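Student: I've got a model open and I'd like to go through how its labels are earned. Can we take them one by one?

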Amino acid sequence: MRLPFELSLALRFLRPKRTFVSIITLISIIGVTLGVAVLIIVMSVMSGFDLMLRERLLNFNYHIKVFSENRLMTGYSEVREKLLKNEAVKGVAPFVIGPVLVETQPNEGQAQIATPFIRGVDIDLEQTVSSLVSSNNLVQGDMNLSEGVLVGSEIRSQLNLKVGDYLAVHSARSFHRIRDSQEEGKDVVLLPDDYEVRGVIDVDFYDYNANFMLTSIESAQDLFDLGDSVHGLGVRLEDASLAEETRQNLINLLPAGLTVRTWEDENSHLLEALRVERNVMFYLLFFVMIVAAFGITSSQITFVVQKTPEIGTLNALGATGGQIMRVFLSQSFVVAVLGLAFGFGLGLLALYFRNEFLVFMRDLTSFEIFPASIYGFQALPAEIVTGDLVKIGIASFIICILAGLLPAWNASRLRPVEAFRHE
């Protein structure tokens, strides 16, 4: 099957030669390749961040939380039964959560201090609403929370803990009692509660590993002096995307005095910031493609000047301005196709070996490019979204074609007499 006249001539013009124009053309292809690759890598990493963050939030947080307006929920069993009547609800569990001050009790050396959050849970019910107490996350020890705690792997490292060690836990109850005693003129010394480290969990999310401890709901109620009350109820849905719709249904179902919040409400600032950052990164990095397009324009202008006599010959042989224009647009088309093909290949290859590259750079430079303490993930996430690839491919192709439009139009306007004056 014969190629169209314009494309065949464009390919002949682009055939590699030891000329300056060939070097410019090669640079143009490399520019498009790098621009497309950078866009694919960045957009895929940002999509990976968004997807993994949502997964972590949904795995370790409740889809919906039910609070009491006075911050303490009494008679939560009745509320739990009402929540379970909703068809969208998969599980409901009570929880107690708050900040504490913990102090290690080493046999020798100085005690270490940290201020994590402690979360009191009913293990049997908690397994129906989150994956925090999953055995898959248990690194050491067991799940027995009676008078004991589970600590995150980062807390374990920071405080140099091991299973069987004891922690002195100071809660708000202790400070409130000291204040009340001082107001009454009494000198009271309240000893902290001692809890044994029963196990270590690693949920592959730095924020939780470094800032959360788990204990039984009875121990947490005692720590915060709640009696039989809890801070709220955590709800897991069959489909997390129905959180807002289910929230509206639950508001009508539950008695007055209760507040219902979804996981999106509690993390709206984080999700919105990530969405805005992703869009801004796309528009900013798309300027890389525009810069690469200027390389195509430069090579095409040089090409038109070099091929001016050939343009005059084509005009003299009867070629129309449209045919000459399509010859040079075909050159832009070939450069765009090659750049896109190499760019997609380079981008996907870089994504495949992204974490190996980070390890190599860390070993080479002794610098952590992707620290888990900042980003919250142990490995660089990436998610290749077909829609993003299509958007990058189409937009880049259009930019490349438009970049060659002006030189091609200028070539189509050359008259034979003007062209042969260059001879």
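Student: Why is Arg80 called buried?
Tutor: This is a predicted model, and in it Arg80 has 18% relative accessibility. Buried means under 20%, so Arg80 makes the cut.

Student: And what makes Glu81 partly exposed?
Tutor: Its relative accessible area is 44%. Partly exposed runs between 20% and 50%, so that's the label for Glu81.

Student: How do you know that Arg80 and Glu81 form a salt bridge?
Tutor: Check the closest N and O atoms: they are 3.8 Å apart. The limit is within 4 Å, so the pair counts. Side chains of opposite charge can pair when their charged atoms come close.

Student: What makes Arg119 and Glu126 a salt bridge?
Tutor: Their closest N and O atoms are 3.0 Å apart, and the cut-off is 4 Å. As for burial, Arg119 sits at 4% relative accessibility and Glu126 at 0%. Buried is under 20%, so both residues qualify.

Student: Why is Glu244 called partly exposed, and Arg247 buried?
Tutor: Glu244 has a relative accessible area of 32%, which lies between 20% and 50%. Arg247 has 18%, so it falls under the 20% line.

Student: How do you know that Glu244 and Arg247 form a salt bridge?
Tutor: The closest N and O atoms are 3.1 Å apart, and within 4 Å is what's asked. Both residues lie in helix H9, three residues apart, about one turn of the helix. In total, the structure holds eight salt bridges.

Terms used: Residues numbered from 1 in each chain as written. Predicted model: local features only at pLDDT ≥ 70, side-chain atom pairs only at ≥ 80, totals over all residues. Heavy atoms only, no water. Salt bridge = Lys/Arg side-chain N within 4 Å of Asp/Glu carboxyl O. Buried < 20%, exposed > 50% of the residue type's maximum accessible area, 1.4 Å probe, protein only. Helix = DSSP H or I, 4+ residues; strand = E, 2+ residues; numbered from the N terminus.
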